[in-house]
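Thanks for coming. I have one structure to go through today, so let us put it on the screen.

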Amino acid sequence: MKRTTNEPVAVLGLGTMGAGLAARLLDQGVPVRVWNRTADRSEPLAEAGAFVAPHPADAVAGTRAAICAVADGEALGAVLRGPDGVLARGAYPGVLICASTVAPEEVVQIAGDVSSVLDVGMLGNRDHARDGELRLFVGGEEQALEACRPLLRMLAKEVVHLGVLGSGMRMKLLLNLLMGIEVQALAEASELAAACGLDRQLVLKTIAGSGFASPVMAFKSRRLVSGRFEEPDFRLRLMAKDLMLASKQAAAAGLSLPLATAAAETHARATGQGLGDQDCAAVTRVLTPRTGSDT
């Protein structure tokens, strides 16, 4: 059942998740104002009834909630503080929902410029976002959360308040740390199988159906079987960024996380080899033995 509201919501950033969130809100009868750095991503949403704004400042005009779902901290800073950013015309009076995966400290810094901020770690993929089946892990003040809870409940089957601002990002980094390590482990097992003469497809099918596999391994095994990493569910460069952020969090806490460090290095190398815009399962390509000699 649609829960129609007359209050518009801004969605800034129309990547895999942002586009799904905007489409979900439109389906629920919510007026949506969208902005994206490249305008062509806005076209399907415009056809569905969204208002396409030329700048972030225009997108948030007249809204009491704005969801920011851009790729990284640099993009978040530009959206907020750029010449036509959210804060270009003064303080934003509503609640800024930071759904971008950035360093927790960056979210806390935003609070100095915006009166109400929530950081939201999203668990799920594009289909979950589109269907309102996400799990959301939220950091920030209880008052801000309660103001946005009806909105968040449209987007998710579970909304968990973790505590202070930055908590949502910390949980998201932990989750992506696990995914990055698991997918790399699966890729390594697959490459070792092939190198030993085993049938890769059979090995991946066996792993995916075993008690050793997590749901994400079972899901990504299909990517590895097909060898097709275009139209990514989660871009490899974003996984590399999140693993680096998780490693920095560990270092700041005085922790040594060997698996996280190794995965971060592998994903950085894969990004450097031009695989960054492919699915994160493409990390397997940096594990494949090279033929010929490097001189």
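I will take the sheet, then the cavity and a pocket, and then the salt bridges.

A word of caution to begin with: this is a predicted model.

The sheet comes to start. It is an open one, built from 8 strands with mixed pairing. Reading across, the order is S3-S2-S1-S4-S5-S6-S7-S8. The edges are held by strand S3, residues 51–52, and by S8. Each of these two has a single partner strand, so one side of each lacks a neighbour in the sheet. Within the sheet, strand S1, residues 9–12, pairs with strand S4, residues 65–68. That pairing is parallel and runs over 3 bridges. If you want a register to look at, Ala 10 sits opposite Ala 66 in S4.

Now the enclosed space. How many cavities of 30 Å³ or more does a search of the whole structure find? The search returns 1. The space in the largest cavity is about 50 Å³. Its lining consists of Leu 21, Ile 67, Ile 97, Ala 99, Val 120, Met 122, Leu 136, Leu 152 and Leu 155. Strand S6, residues 116–123, and H7 are the elements that give two or more residues to that lining. By class, the lining has 9 nonpolar residues, with no polar and no charged ones.

Next, the second largest pocket. Its space comes to about 380 Å³, and 19 residues line it. Glu 7, Arg 64, Ala 65, Ala 147 and Cys 148 are the lining residues nearest its centre. Which element supplies the largest share of this lining? Helix H7, residues 142–155, does, with 7 residues. The classes here are 12 nonpolar, 5 polar and 2 charged.

That leaves the salt bridges, of which the structure holds 15. I will go through three pairs and a network.

The first pair to show is Arg 130 with Asp 27, whose side chains meet at 2.4 Å, N to O. Arg 130 belongs to helix H6, residues 126–131, and Asp 27 to helix H1, residues 16–27, so the bridge ties together parts 103 residues apart in sequence. Arg 130 is partly exposed, at 34% relative accessibility, and Asp 27 is also partly exposed, at 33%.

Another pair is Asp 58 with Arg 89, where the closest N and O atoms are 2.9 Å apart. Why does this pair tie together separate parts of the chain? Asp 58 lies in helix H3, residues 56–59, while Arg 89 lies in the loop between helix H4, 73–81, and strand S5, 95–98, so the parts joined are 31 residues apart in sequence. Are the two partners buried or exposed? Asp 58 counts as buried because its relative accessibility is 16%, whereas Arg 89 is exposed, at 59%.

Then there is Glu 133 with Lys 157, at 4.0 Å, N to O. Glu 133 is in the loop between H6 and strand S7, 134–139, and Lys 157 is in strand S8, residues 156–163, with the two positions 24 residues apart in sequence terms. Both ends are partly exposed: Glu 133 has a relative accessible area of 36%, and Lys 157 is at 41%.

Last, the network. Salt bridges link Arg 126, Lys 220, Arg 223, Asp 233 and Asp 279.

That is what I have; I am happy to take questions.

Conventions. Residues are numbered from 1 along each chain as its sequence is written. This is a predicted model: local features need pLDDT of at least 70, side-chain atom pairs count only at pLDDT 80 or more; totals for chains, interfaces and linings use all residues. Side-chain values use heavy atoms; hydrogens and water are left out. On a 1 Å grid over the protein atoms alone, a cavity is a set of points where a 1.4 Å probe fits but cannot get out, and a pocket is an open set with protein on both sides within 12 Å along at least five of seven lines; lining residues have an atom within 4 Å of a point. Grid points are joined across faces, edges and corners, and a volume is the space filled by probe spheres set on the points. Helices (H or I, at least four residues) and strands (E, at least two) are DSSP runs, numbered from the N terminus. Ala, Val, Leu, Ile, Met, Phe, Trp, Tyr, Cys and Pro count as nonpolar, Asp, Glu, Lys and Arg as charged, and the others, Gly among them, as polar. Buried means under 20% relative accessible area, exposed over 50%, partly exposed in between (1.4 Å probe, protein chains only). Two strands pair if DSSP finds at least two bridges between them.
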